[in-house]
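Student: I am new to this structure and would like to understand how its descriptions are justified. Could we go through them step by step?

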Amino acid sequence: MLLKTFTLGGVHPEENKISSGQPIRKAPIPKTAVVPIAQHIGAPAEIIIAKGDKVKTGQLIARGQSFISANVHAPVSGTVTKIDEFMDSSGYRKRAIQIETEGDEWIGTIDRDEKIDATIKRSREEIIQLIKESGIVGMGGATFPTHIKMMVPQGKKADCLIINGVECEPYLTSDHRLMVERGEELMIGARILMTALGVEKAYIGIENNKPDAIDHLTNLSKRFPGITIHPLKVKYPQGGEKQLIKAIINREVPSGKLPIETGCIVQNVGTAIAVYEAVQKNKPLFERVVTVTGKSVRNPCNLLVRIGTPISVLLEEAGGIPTDTRKVINGGPMMGKALNSLDVPVIKGMSGVVVMPEKEARRPKISNCIRCARCTFVCPMGLSPYLIAQMAEARLEERAEAERIMDCIECGSCSFTCPSGRPLLDNIRVAKSKVGQIIRSRAK
Amino acid sequence: MNSAIIFVVATLSILGLVSAVILYFIARKFKVIEDPRIDQIAEILPAANCGGCGFAGCRNFAESIVKNESLDNMFCPVGGNELLKLIAPIIGQEAVEKDPMIAVLRCNGSFAHAPLKTTYEGIDSCFFMNALHAGDNGCPYGCLGGGDCVIACTFDAMYMDKETGLPVIIQDKCVACGACVKACPRNILELRPKGKKDRRIFVGCVNREKGAVAKKNCEVACIGCGKCVKECKFEAISMVNNLAYIHAEKCTLCRKCVAVCPTDAIHELNFPERKKQVVETENKEA
């Protein structure tokens with residue numbers, strides 16, 4: 001059988017899925033958890049507790065306040081010791097709540113029974129309300145509030161749901177392990193999302209380098225009518241929303257538009273399982289699976305981590321920081337950003353921590369563009385990265401906008417493939433945020 | 001033969017005459033009246049085209065002086081007051097003396113004062129560094145050391161000090177055009193009055209974090225303790241968001257604030273050495 005994939009561009013980085021055979025295990029609950037109030041795209045949540053308050057695990061501590069925002073829940077039980085500004089992964093200080101852990105007492109409404117509950121009792125509105133209450137955001141890394149994504153705008157109609165189990169980033173294996181170990185919950189989560197959207201069809205896209213996940217879910221899918229599994233050819237960045245839609249149902253998202261234009265909604269595997277937990281078990285989002293890996297790491301692993309756990313705790317759990325470490329990356333090596341400090345807490349959108357040894361972390365020496373057009377060939381959005389990067393460097397934001405900089409998905413294929421080692425994505429990313437600001441100010 | 005020559009000469013002469021008449025009337029009709037004073041002023045201007053006056057270039061500056069026939073809010077930082085005195089008679093105005101300005105660096109987070117915690121690898125420009133992270137020394141307000149200001153300076157008045165990682169302003173060369181101020185993504189550089197005898201006092205820090213947090217990253221940060229505000233009798237120092245600011249127009253250069261600052265965040269430039277220190281040492285000896 002010919003495997004499907006997206007047509008335009010793409011690269012083949014070394015997969016390095018070192019931790020794919022490691023079952024998910026629970027990370028220790030941290031002594032103090034730092035919970036940022038802005039873990040999602042949109043307005044930061046509003047803090048509804050005060051210093052000195054006792055909180056239980058799963059209790060709402062900050063409420064999403066505007067249309068695009070998400071609730072934040074306490075990941076541990078204990079006392080709120082500080083509401084202050086704490087360092088985030090870029091080194092800038094953002095508002096966060098510090099909780100000192102005392103035991104682990106969960107709020108009573110959470111159903112802690114391990115038995116899988118397959119019957120969907122809730123109505124469409126109730127499901128979306130529960131997703132909203134539980135503070136679920138896109139767990140693939142984009143952290144867009146899920147309840148907003150599930151509310152199909154008027155005049156548009158969704159006809160299918162795509163579950164993103166591609167995990168095309170090298171090194172990361174958290175979605176892979178979730179599919180293998182919690183396949184049934186994933187299927188039920190997908191059913192819940194289908195009910196909420198009112199669609200009959202769902203596709204789960206998985207890259208062909210995860211045969212165990214494909215087999216397991218194909219077997220399960222016999223019990224869940226309407227859900228089909230699509231093995232896909234391995235190619236980066238297949239996990240991008242637009243690329244996945246193209247690969248599975250061969251529809252193209254128009255430039256500057258949302259995927260709903262093509263009639264489908266894409267949700268990550270982690271998000272689907274979080275939705276299952278929220279709707280069936282009443283459990284808000286306060287823990288997630290994080291891959292801790294790297295070639296020099298002693299025990300690469302997949303950990304179920306409470307939000308707010310410092311990264312240093314995760315690295316300790318993976319056998320300590322190797323001596324030749326040069327860089328610790330938040331996310332995968334293609335799209336992730338190097339961390340400024342190891343005290344940074346885990347947030348909802350953090351899918352992995354990759355430790356890079358000295359010899360791999362170095363960036364190539366920058367030389368001149370030789371006009372080989374490799375970046376143009378590999379760009380999955382059909383852009384001309386060399387041109388946009390040049391405009392970004394010259395701060396010509398308007399011209400960069402005309403070259404469709406806003407369509408860039410920041411996958412990093414251009415920088416990866418550049419034989420001159422040019423920092424194409426670095427330039428584009430900064431200019432993209434500038435152009436975004438310009439567009440927003442124009443709308444006002 | 002002869003007639004042919006006469007014919008050619010005659011036609012060309014008539015043609016020339018007719019064209020001259022047409023050109024004369026066209027030239028009168030579309031005459032561009034340019035004030036000769038613009039040229040006069042433009043000739044005296046330094047022709048650096050630095051943009052420090054706020055106009056696109058020196059000629060643009062000259063044009064708008066003549067157009068408005070006044071020197072209000074017009075100042076060429078390169079030429080300074082002397083230049084203004086030369087321009088004034090051309091448009092028949094009095095030159096109003098202005099305090100000459102100079103750029104100052106309001107950060108002292110050198111490698112020694114604010115040790116590096118990380119190593120940045122990427123595009124060597126403050127503009128990009130600022131967008132990506134807080135800085136290698138952890139201070140989200142301080143100098144990033146990328147040298148955007150040095151590149152922006154067209155007067156060779158700045159250089160990066162490799163020992164400290166901070167830019168240095170060569171006081172004799174700085175003309176206060178403000179190019180570095182615009183180039184700095186963190187607003188660390190500021191144009192301040194040159195002051196009497198070139199003496200200046202300013203707070204060498206722009207960190208608005210709480211004292212303890214700021215101090216953790218940099219030992220010479222302003223911690224917002226407020227001692228200088230209490231010490232100043234002239235109300236020249238204000239404290240906003242944990243950061244002291246000395247208002248140059250009220251400052252009398254008494255240097256009392258410098259002495260009380262617990263973190264040495266207040267800088268004094270071009271002052272003679274302190275007498276007080278001598279007194280102290282004498283006391284100790286006694």
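Tutor: Let us begin with a definition: two strands are said to pair if DSSP finds at least two bridges between them. Please keep in mind that this is a predicted model.

Student: How do you know that strand E15 (residues 325-330) of chain A and strand E17 (residues 352-357) of chain A pair?

Tutor: Five bridges link E15(A) and E17(A), in the antiparallel sense, and because at least two bridges are required, these strands count as paired. Within this pairing, A:Lys327 stands opposite A:Met356 in E17(A).

Student: What makes E15(A) and strand E16 (residues 337-338) of chain A a pair?

Tutor: Two bridges join these antiparallel strands, and since the rule asks for at least two, the requirement is met. A:Asn330 has A:Lys337 in E16(A) as its bridge partner, and in the hairpin of E15(A) and E16(A), with six residues between the strands, A:Gly331 takes a positive phi near 100°.

Student: Why is B:Arg28 called exposed?

Tutor: B:Arg28, which lies in helix H1 (residues 2-29) of chain B, has 8 C-beta neighbours inside 10 Å; a residue with 12 or fewer is exposed, and therefore B:Arg28 counts as exposed.

Student: Which residues make up the contact between chain A and chain B?

Tutor: The contact takes eleven residues from chain A and twelve residues from chain B. On the side of chain A, the largest share, four residues, comes from helix H14 (residues 424-443) of chain A, and by class that side has three nonpolar, five polar and three charged residues.

Methods. Residues numbered from 1 in each chain as written. Chains lettered and ligands numbered in written order. Predicted model: local features only at pLDDT ≥ 70, side-chain atom pairs only at ≥ 80, totals over all residues. Contact = placed C-beta atoms within 7 Å. Nonpolar A, V, L, I, M, F, W, Y, C, P; charged D, E, K, R; others polar. Buried ≥ 20, exposed ≤ 12 C-beta atoms within 10 Å, placed from the backbone.
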